[in-house]
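Here's a quick briefing to read alongside the model. Have the sequence and the 3D view open as you go.

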Amino acid sequence: MSESGAQLFARLEARRCLKDIEPRLFPEDGGPDHGEVVELYGTEGTGKTELLYHLLCRCVLPATIGGLEVDVVFVDTDYSLDMLRLVSILESRLNAARSTGSPSGGADEAVLRSCLSRLLVVHCSCSSQLLLTLHFLETSLSSRPGLALLLIDSVSAFYWLDRCEGGASFAKQEEKLGKCAELLGRLLRDYRITVFATCHAIRKSCSGSSSSSSSSSSSEYDRPYLCRPWQRLVTHRLLCSRQEAANNMAAAAGGSKGQRRWQVFTAHCTSSSSSSRTKAYRSSSFYVTDGGVEFI
């Protein structure tokens, strides 16, 4: 199929590399390069969506206050995107920039509108809609060379629905997500975007004894379970967990009296970037405040 001049320009245009999107999450050689996929994996309540909000804000904020100033597509498959929460985080970041005297600081309406204009939100309610969305995304990539990041929350949302519709055929169960992964792979190759996607952990094994250790039980949740075409796309995997011990709480900055304490989360990154033949690892801890993610 021949491509238009606009498509050729968009494909050859140098999109913003996102290796520096969040240095505290990834190994020293940097974050995801062009055409790479980051999977944020973990059980419910481990900070995955809050990390997505953090990365989204970093992308849409002005470069003058440390943002990347790129366009972002947010595919919401769980219908859980909280725009009020997102705006609150953006305002917090802008107010922080204003307090430090940054030239574009301040949560005034014009700057906030500019940030939100870089965000395109799409809702999907099944794998077929997700596939159509990815086809639609190619048009957006052709017309918006500044579009550098695709966020999917979550890529596993339709796992059980697809398994039910696929009946007894394992191939049928994985067919729809497999097609989505194949199309996404082509978009990654042709348009050099970066993808971040959350994936809800599930217990895959049912054969383990009830007396198994907590570590082996945890490993059952850590095991990838989505179709192989998707697994082949993933170059960085962030395993998100919640520190349960009572003393694993971070104190908020500010006075000691009446200090608020926050639940601490951990993200273990395994990176097998195409630019490196060896795997790299990094662990980071963070907590979630009213103003968003704060790293420890």
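Start at I21: beyond its neighbours within four places in sequence, I21 is in contact with F26, P32, L55, R58, C59, L68, L149 and F196. Keep in mind that this is a predicted model.

**Nonpolar cores**
- I21 and F196 touch the most other members of the largest nonpolar core, which has 42 residues.
- Helix α2, spanning residues 48–60, gives the most to this core, chipping in eight residues.
- There's also a second, separate core of 37 residues, and V75, L137, A181 and V195 are among them.
- As a rule, nonpolar side chains in soluble globular proteins tend to be buried together.

**Strand β1 and its partners**
- Strand β1 covers residues 37–42, and six of its six residues are buried.
- V37, E39 and Y41 point one way from β1, while V38, L40 and G42 go the other way.
- That fits the general pattern: in a regular strand, side chains alternate between the two faces of the sheet.
- With strand β5 (residues 194–200), β1 pairs in the parallel sense over six bridges, and V37 sits opposite V195 there.
- β1 also runs parallel to strand β6 (residues 234–242), joined by five bridges; L40 has L238 as its bridge partner in β6.

**Where to trust the model less**
- Mean pLDDT for the chain is 84, with 80% of the residues at 70 or more.
- Residues 205–217 have pLDDT below 50, and beyond near neighbours in sequence this stretch has four contacts in the model.
- Residues 253–258 stay under 50 as well, with one contact beyond four places in sequence.

Methods: Residues numbered from 1 in each chain as written. Heavy atoms only, no water. pLDDT = per-residue confidence, 0-100. Contact = heavy atoms within 4.5 Å. Buried < 20%, exposed > 50% of the residue type's maximum accessible area, 1.4 Å probe, protein only. Helix = DSSP H or I, 4+ residues; strand = E, 2+ residues; numbered from the N terminus. Pairing = 2+ DSSP bridges. Core = buried A, V, L, I, M, F, W, Y, C linked by side-chain atoms within 4.5 Å.
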